[in-house]
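Trainee: I would like to go through one part of this structure. Where should we start?

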Amino acid sequence: IKNGVVGRTDTLLLVVADRATPQVAMVSVPRDLWVDIPAHGQERINAAFELGGSQSSKQTVSNVLGQRVDRYALIGLQGVRSIVDAVGGVDITVAQAIHDDTYPTDDYGYQTVDIPAGRQHMDGDTALKYARTRHQDSDFGRIARQQQVLSAVRGALLNPVNWPRIPAV
């Protein structure tokens, strides 16, 4: 939601928590996957929220993955920046240098993004750019980076040094 306008979701990620084991798994859904959106017909899955809100998005993801969706979190782009900054930044190993001449800005323009390969400590803005860039590889590469950022946030929160930061997150 930007300026009161509901748009398409940039990322759809299902987190499955098994309390019995206890284990957590992440399953990302490619945002351009063509699916049936209940009451709206065939469309890319990232349109489900725009067309029918959270219930439509939850039902569509549930139908595609065969997994009930109990809860959801809707986090805007600024929210990603804020969460990463609230944990003090994240450490991510960048496998391949990132160069994107057409990274979308918040004001619908473009900017160039360069992130070198190797271990990087990223603030919220850099982590968002790392997770969102999509011009250098496939949507699957983008999905892997998104999961990497989420795992890094989780790792930062599990570090006792950062426990005082949890309320800000």
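Mentor: The model is predicted: local features need pLDDT of at least 70, side-chain atom pairs count only at pLDDT 80 or more, and totals for chains, interfaces and linings use all residues. Residues are numbered from 1 along each chain as its sequence is written, and side-chain values use heavy atoms, with hydrogens and water left out.

Trainee: Leaving aside neighbours within four places in sequence, which residues is Thr 102 in contact with?

Mentor: Contact means heavy atoms within 4.5 Å. Once neighbours within four places in sequence are set aside, the residues in contact with Thr 102 are Tyr 110, Gln 111 and His 135.

Trainee: With which side chain does the side chain of Thr 102 make a polar contact?

Mentor: A polar contact is a pair of N or O atoms within 3.5 Å; within protein, one must be able to donate a hydrogen and the other to accept it, and residues adjacent in sequence count only if both atoms are side-chain atoms. For the side chain of Thr 102, the pair is at 3.2 Å, and the partner is the side chain of His 135.

Trainee: How far is the side chain of Asp 100 from the backbone nitrogen of Thr 102?

Mentor: Asp 100 also touches residues further along the chain, among them Gln 111 and His 135. Its side chain reaches the backbone nitrogen of Thr 102 at 2.8 Å.

Trainee: What separation do the C-alpha atoms of Thr 102 and Thr 133 have?

Mentor: Along the chain these two residues are 31 residues apart. Their C-alpha atoms are separated by 8.8 Å.
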